[in-house]
Amino acid sequence: MPSIQSWSPILPETVWSKVATILRRELGEGPFNSYVAPSSVRPGPYGDPVLVTPTAYARDWIARNAARRAQELWTQHDPDSRVLEIKSRVEYEDQTRQAPPVGAVEAPVVDAPAPAAPQMPIVEIAANRISGLQERLTFESFVSGRGNEFAYTMSRQVASWADGHFNPVFFHGPYGYGKTHLLNAIGWEAQSRRPDARIVYLTAEKFTSTFVKALMDKSTAVFKDEVRGADLLLVDDVHFIGGKTSSQEELFHTLTSLIENNRRVVFTADRPPSQLTEIEARLRSHLSSGLVCALDVADQSLRMGIIERKLEQLSQRIGSSGQSPRADVLHFLAERVPGSIRELEGAVNTLVASAGPRLGSLTLEEAMALLQPNLKVAVERRVTVDEIQKLTADHFGLKQADLLSERRTRSVARPRQVAMWLCKQHTTRSYPDIGRRFGGRDHTTVLHAVKKVEELLQADDQIARDVEALTRKLRNT
């Protein structure tokens, strides 16, 4: 593992201590101590700092709730303007084992002597395994439903090598909603249908680090042959290439070459291409030129399906004798565990591991006690629907009664949707309960509001600022 002293004259602890101080104030003591404080900044193998979290669950929470703000603060305080990555401890250790510690920058070092070591191939296909793919992430283990059904259908089409395909295909959505799962599933299915095809799976970070190493080794020709020779290129989390000029240039030419040769390309990101402002315009244009497909927030039925599938997998893996929690416990998991699908699966893991043979007889109260860490953020805030309504109305210059009224003008409807989204995020109320408290509205109205605000958070900067401001006010009440 590379030492901090050999990484940069600007020590990461110095920058991170300033960033962490501000995050503690903005997030609040509870969430900060639960997710951010146990994490630490370490040097990545190619120069960028990495925020290393103790668990994948903490990584996902930070990515969803604090990553964008952390990067803004890091940019303000870091004279080197490095990109702050977020990885779990397992991911970080795997990365540092695979890549040598190099204090590399994005620009190629033309006059420096280059080592003679050959570039390692990116694609390793042996015993029916594509390098980087996870065996458990297949179409068979993916649960489709409203919110991801179109993305699932298009993934199956790409994997079938069908003619008339869109190219490139670009999946986007929040962390933990199944993008990486679909990308892996495409890789496995495509290989099973065409074992002779060259399939390359890379994260954007891996693309960048391998390209930088190729520049240093003066072996870019090998790199280009590997990537541009692929029949199917899968690139995960392409937003992480933002700000890395030479890597963006290489990706642009790679994408152009593959499309011209009728090779297939699939990307994932946390936002649609039009919102990737840190990526240069011509690359954004190419990313948008095929099919852009969103993975949306999971509704109640999809969350229930995910829980049932996870329980089935755990039963096979650890032999829980086919036990299933009581119906009220299942509904509690589906309705009240906050966050992404990945966090929902983490809650199921926690419940099964904690309950053991008592899983089938566990009462709702006992389940809530076991899941307290998963619900900690929501419990700590302890805000009510009434408080959210008052705060939202005041923020938008309305009366609380306006949010409960039948008025449908945009000036009222949008704040009402924001208030409903805040209620779902910061209280344990169900969709029907929230609807009743907003003038007796149906639960489908609340579900639509939540999904709409999720979309606007990615596409509308003003709504994002409004939600951020309201969230901070809620934490300080």
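1. Asp 237 lies in the loop between β6 and α10, and in this predicted model the residue has a positive phi of about 55 degrees although it is not a glycine. Its relative accessibility is 19%, and because buried means under 20%, Asp 237 counts as buried. A reader who follows the chain through this loop should therefore look for Asp 237 among the buried residues.

2. Asn 262 offers a second case of a positive phi, here of about 60 degrees, in a residue that is not a glycine. Asn 262 is found in the loop between α10 and β7. With a relative accessible area of 56%, Asn 262 is exposed, whereas Asp 237 counts as buried.

3. A further backbone detail concerns the peptide bond between Asn 167 and Pro 168, which is cis, with an omega of about -5 degrees. Pro 168 belongs to the loop between α6, residues 149-159, and β4.

4. In what order do the strands of the open sheet stand? The five strands follow the order β5-β6-β7-β4-β8, and their pairing is parallel. At the edges stand β5 (199-203) and β8 (291-294), and since each has a single partner strand, one side of each is left without a neighbour in the sheet. Direction ignored, neighbouring strands of this sheet are turned by 15 degrees against each other on average. As background for the student, strands of a sheet pair through backbone hydrogen bonds, either parallel or antiparallel.

5. The pairings can be followed strand by strand. Five bridges connect β5 with β6 (residues 232-236) in the parallel sense, and in β6 the bridge partner of Val 200 is Leu 233. From β6 to β7 there are four bridges, and these two strands run parallel; here Val 235 has Phe 267 of β7 as its bridge partner. The pairing of β4 and β7 is also parallel and uses four bridges, with His 172 and Ala 269 of β7 as bridge partners.

6. Is β7 mostly covered or mostly open? Six of its six residues are buried, so that β7 is mostly covered. Both faces of the strand share in this, with Arg 264, Val 266 and Thr 268 buried on one side and Val 265, Phe 267 and Ala 269 buried on the other.

7. Helices lie against this sheet. Helix α7 (residues 179-193) lies across β4 (169-172), β5, β6 and β7 (264-269), and runs at about 160 degrees to β6. Helix α10 (residues 245-260) also packs on the sheet, where it touches β6 and β7, and the direction of α10 makes about 140 degrees with that of β7.

8. Helix α9, which comprises residues 220-228, has Phe 223, Glu 226 and Val 227 as buried residues. These three cover an arc of only 90 degrees around the axis, and this is why they are on the same side of α9. Ala 221 and Asp 225, on the other side of α9, are exposed. Among what covers the buried residues of α9 are β5, α8 (204-217), β6 and α10.

9. Which residues have the most contacts inside the largest nonpolar core? That core has 27 residues, and those with the most contacts inside it are Ile 388, Val 418, Trp 421, Leu 422, Phe 438 and Val 467. Two or more residues of this core come from each of α17 (385-395), α19 (410-426), α20 (431-437), α21 (443-459) and α22 (461-476). Leu 422 can be looked at individually: leaving aside residues up to four places away in sequence, Leu 422 touches Ile 388, Thr 392, Thr 427, Leu 470, Thr 471 and Leu 474. Another core, of 26 residues, lies apart from the largest one, and includes Phe 142, Leu 183, Leu 234 and Leu 291.

10. Glu 26 lies in helix α1, residues 12-27. With a relative accessibility of 15%, Glu 26 counts as buried, and a polar contact of 2.7 Å joins its side chain to that of Arg 69.

11. For the protein as a whole, there are 22 helices and eight strands, and 53% of the 477 residues count as buried. Among the contacts in the protein with a separation of 6 or more, 76% are between residues 24 or more positions apart.

Definitions and conventions. Residues numbered from 1 in each chain as written. Predicted model: local features only at pLDDT ≥ 70, side-chain atom pairs only at ≥ 80, totals over all residues. Heavy atoms only, no water. Pairing = 2+ DSSP bridges. Axes fitted to C-alpha atoms, helices over the stretch in contact; angles between N-to-C directions. Contact = heavy atoms within 4.5 Å. Core = buried A, V, L, I, M, F, W, Y, C linked by side-chain atoms within 4.5 Å. Buried < 20%, exposed > 50% of the residue type's maximum accessible area, 1.4 Å probe, protein only. Polar contact = N/O pair within 3.5 Å; in protein donor to acceptor, adjacent residues only side chain to side chain. Arc of directions from axis to C-beta.
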